[in-house]
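Reader: I am new to this structure and should be grateful for a close look at a single part of it. Please set that part in its surroundings as well.

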Amino acid sequence: MMTVTHFRPKSWKEPMLLKRLHVLDLTISLALPLQFGVIVSRFYSDQPSSNPELSRDGDTIIHIPRANVYRFGQANTNQPVFRDLEWTVRDGESWAVVGPAGSEKSDLLSMLMGHMRLSPSPSRGIYPSLPVLNPPRDMYEAISFVSFTSRPSFSASFSAPSPSSSGGFFDYTARYGAMRDELRQTLRETLFSQSSLSPRGSQENDRQMKLLDEVIRRLDLEDLMELPFVVLSNGQTRRARIARALLGSPELLLLDEPLSEYPGLDPSHRAQLTSLLHDLHVSRKPRILMSLRPQDPLPEWITHVALVDGQSVRTEIRSQNFMPFPVSDSETPGTSDMHIKRKDNMERERKELVAMKNVNVKYHDRHVLKNINWTIRAGEKWHLQGPNGSGKTTLLSLLTGAHPQSYTQRPPSSVLQLFSLPRRLQPTIALQKLIGHVSPEIFNAFPRRGGEGGMTVSEVIGTGFEGVFSYRKLSEEQERRVEEIITALGPSSFSGSDLTWHELASTKFVALSPGQQSLTLFLRAIVSSPRLLILDEPFAGMDSRMISGVKRYLREELDDDMSVLFVSHWEDELPWGAEDVKRIRLVDGEAIIC
Ligand SMILES: Nc1ncnc2c1ncn2[C@@H]1O[C@H](COP(=O)(O)OP(=O)(O)OP(=O)(O)O)[C@@H](O)[C@H]1O
C-alpha cells in the first residue's frame, strides 16, 4: 500500500495536543507547557488593588492589544496559530467564541490558559487574561477549562487522559457490570476527592458548599450523588464536570462547546444549563467564556462574539440578526452517481431482527428500563429519543449484548431475541459482526497509537468487519470494500480538498481531526454491511460538510434491508423524512412507540 508522508491538509492539526485539550479539564492541562520544553514558573497575579475581588487596568478581563499567537516551541518565523489578534474583554461583557467544529476555537481558549506564546508577550508573563487578582491567586486555579468535545473515560474520572489517547484500550462497557474498586467512587466522592473542600464541610468551606449545593440542585445532580461516577449517563457526566470545575472557585471558567448536542444534552437540560451559566456569569462567580459551533444556539445573554476563522479572529458586538458564518451550498458534497441504490418502496413483511417483550433492567432499587416491548424489523429506520438518564444507552447495550442483564431476560417473564435467537444463544462475538455501531463511548475508547504501530484510516475501517478494536489483516475483497465505501462517501467529505481515496486510506488515524476520526468510525460501522446499524450521536465533532456527506450516504447508499437505529435529541439531525422513521421514546425507563 502506498504511504503518503507529505500529505497533510491545512486543517489537520496537532491531534495529540487537541485530544488533550478536548478531553481534559484544568488539572491535566497544567503539564502542557512543560511538554513543549518551556519551563514555566508558577505565576501568581499579585499586584495590589483597590477592588476587593478583581482589580485592573480599568475593568479589563482579557487584553491583547495586537499579537501573533504561536505554540510553544515555534519560532516567530513559523505560521502563527492566530495572526494580528486584537481582543479586549471588559468585566460585565458576555462573550462567546464561535467557530466550526475542529476549528481553532479550542486554541483560543487554550491561549487564555497560558498554553500559547504571544508575540509581543503580555505584560504579565504568559497570561493575557485576569490581569490583577486580589487576594493574589495561583493562575492555574483562577482559570478553569472544561471541554465537552468528547467524554472523559470512566477510570479517568474527571481529569486524566483517556487511555485510548495513549494507544491503549479500555473497556467502555465496565459501567454495566461488576466494577473494579477504583470505579466504584461515587459522584460525591469524585467531586470532593479532587477539591480542597471537605465533604463534611468546615467553616471556611461554608460559602463554597452553599454555592455547590445550589449548582448541584440546578444541574439536576441531587439524586445521582451516591451513584458510582462511572454509571452516569453522557448528559449527567457533562453536568457533573461543570459542578466539579466550579468547586475550585475559579475567577474565569472556559467551557469548550458546553451547549453542543454531542454527547447529548437534552433540550430541557440545555436550557437549564444556559440559565445557570448566565446567573454565574452575572454574579462573576465565576465569569463564563464559552465556545460554540455556528449551529449551536447563541444564548440570549451573550453580548459579544469572537469569530474564529482559520488564523484570524474577528471580534464584534452581537448584532440582532447574528449569523456567524453563512453556510454555502458548495459545502454540500455533490451526489455521487456511483453506488446509488433505488429504494424498494413496496410494503412487505420484513424479518424481525430484534424482539423485546417485558424487558427490564434494574440496579437494586433503581429501575432503569421498565417492561419494554419493542420489535425492530429489517429495513426499518428508528429514532431513539429520551431525556438524559432515561435509559437510551442501557437499551442499546442490551441490543449489542454488552449489558450483563441481557442474559437474564428469559421466558416466561421476559424475552430478548436478537437476530432470530434468544440472547443467551447468540454469542457476543456474532453480534459484533451483525451490528455496526458508533457512539461517544466507542469514539473515546478506540485506540489512537501514534508511530509505527498506529493504524491507518483503512486499517481502522477494516476492524469493523469483525467489530474489534485491533488490527486485522484484510482479504483483497475486504480491501476493495473499504475502497468502495470511502469512494461512495466521497473523500472530499473528509477535508474539503481533492484527495484520492489512496491518500486518505494511508493516512494515520491519529493524525486526523476529531471530526475526521468520527467519519472514519462511521465507515468502520458500515463496512461489513451490518444488518443493524446503531448511530448513537454519530455527528460528534463533525463540521457541516462532513454531516451532509454522512446524511447523503445514509439516504442513498444503504442496503435496502439494513435497519438503522439513530439516537439523537434533535429531530432535524435525521437524514430521512419524518414519514420514513419510526420513533421509540423513553420516559423514566418506559417506552412509548409511535
Ligand atoms: N450500574 C448502575 N447503577 C445504578 N444506576 C445506573 C447504573 N448504570 C446506569 N445507571 C443509571 O441508569 C440511567 C440510564 O442511563 P443511560 O446511560 O442509559 O441514560 P441515557 O438515556 O443514555 O442518558 P444520556 O442522554 O445522558 O446519554 C441513568 O440515570 C444512570 O445513572
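**A close look at Asp-220 and its surroundings**

Author: Asp-220 is partly exposed, because 18 other C-beta atoms lie within 10 Å, and a residue must have 20 or more to count as buried. The model in which Asp-220 is seen is a predicted one. Asp-220 is placed in the loop between helix H7 (206-218) and H8. Its phi is near 65°, a positive value in a residue other than glycine. Most residues other than glycine have a negative phi.

A second residue of this kind is Asn-358, which has a positive phi of about 50° although it is not a glycine. Asn-358 lies in strand E14, whereas Asp-220 belongs to a loop. Asn-358 is likewise partly exposed, since 15 other C-beta atoms are found within 10 Å.

Helix H8 (234-247), at the far end of the loop that holds Asp-220, leads to the ligand. H8 is one of the elements that give two or more residues to the shell around the ligand, together with strand E15 (366-377) and helix H10 (392-399). Of the 20 residues in the shell, Val-231, Ser-233, Gly-235, Asn-388 and Thr-393 come nearest. By class, the shell is made up of 5 nonpolar, 12 polar and 3 charged residues.

Strand E15 connects the ligand shell with the sheet to which Asn-358's strand belongs. Four strands form this open sheet in the order E15-E14-E17-E18, with antiparallel pairing. E15 and strand E18 (421-422) stand at the edges with a single partner strand each, so one side of each is left without a neighbour in the sheet. Strand E14 (residues 352-363) pairs with E15 in the antiparallel sense over 8 bridges, and Lys-362 stands opposite His-367 in E15. Helix H10 lies across E14, E15 and strand E17 (415-418), and runs at about 55° to E15.

The backbone has further features to note. The peptide bond from Ser-119 to Pro-120 is cis, with omega near -5°, and Pro-120 lies in the loop between strand E6 (116-119) and strand E7 (132-133). The bond from Lys-285 to Pro-286 is also cis, with omega near -5°; Pro-286 is found in the loop between helix H9 (267-283) and strand E11 (287-292). Most peptide bonds are trans.

The interior remains to be described. Of the 594 residues of the protein chain, 46% count as buried. In soluble globular proteins, nonpolar side chains tend to be buried together. The largest nonpolar core has 67 residues, and those with the most contacts inside it include Ile-486, Phe-522 and Leu-523. Helix H17 (residues 514-526) gives the most to this core, with 6 residues. Apart from it lies another core, of 61 residues, among them Ile-61, Ala-96, Val-230 and Leu-277.

Val-527 offers a contrast to Asp-220. Val-527 lies in the loop between H17 and strand E20 (532-536), yet it counts as buried because it has 24 C-beta neighbours inside 10 Å. Leaving aside neighbours within four places in sequence, Val-527 is in contact with Ile-461, Gly-464, Phe-465, Arg-481, Val-482 and Ile-485. E20 in turn runs parallel to E19, to which 4 bridges join it; in E20, Leu-532 is the bridge partner of Ile-435. Thus two loop residues may be set side by side: Asp-220 is partly exposed, whereas Val-527 is buried.

Key:
Residues are numbered from 1 along each chain as its sequence is written. This is a predicted model: local features need pLDDT of at least 70, side-chain atom pairs count only at pLDDT 80 or more; totals for chains, interfaces and linings use all residues. A residue is buried if 20 or more other C-beta atoms lie within 10 Å of its own, exposed if 12 or fewer, and partly exposed in between; C-beta atoms are placed from the backbone. A residue is near a molecule or strand if its C-beta atom, placed from the backbone, lies within 6 Å of it. Ala, Val, Leu, Ile, Met, Phe, Trp, Tyr, Cys and Pro count as nonpolar, Asp, Glu, Lys and Arg as charged, and the others, Gly among them, as polar. A nonpolar core is a set of buried Ala, Val, Leu, Ile, Met, Phe, Trp, Tyr and Cys residues joined through C-beta atoms within 7 Å. Two residues are in contact if their C-beta atoms, placed from the backbone, lie within 7 Å. Two strands pair if DSSP finds at least two bridges between them. Axes are lines fitted to C-alpha atoms, for helices over the stretch in contact, and angles run from 0 to 180 degrees between N-to-C directions.
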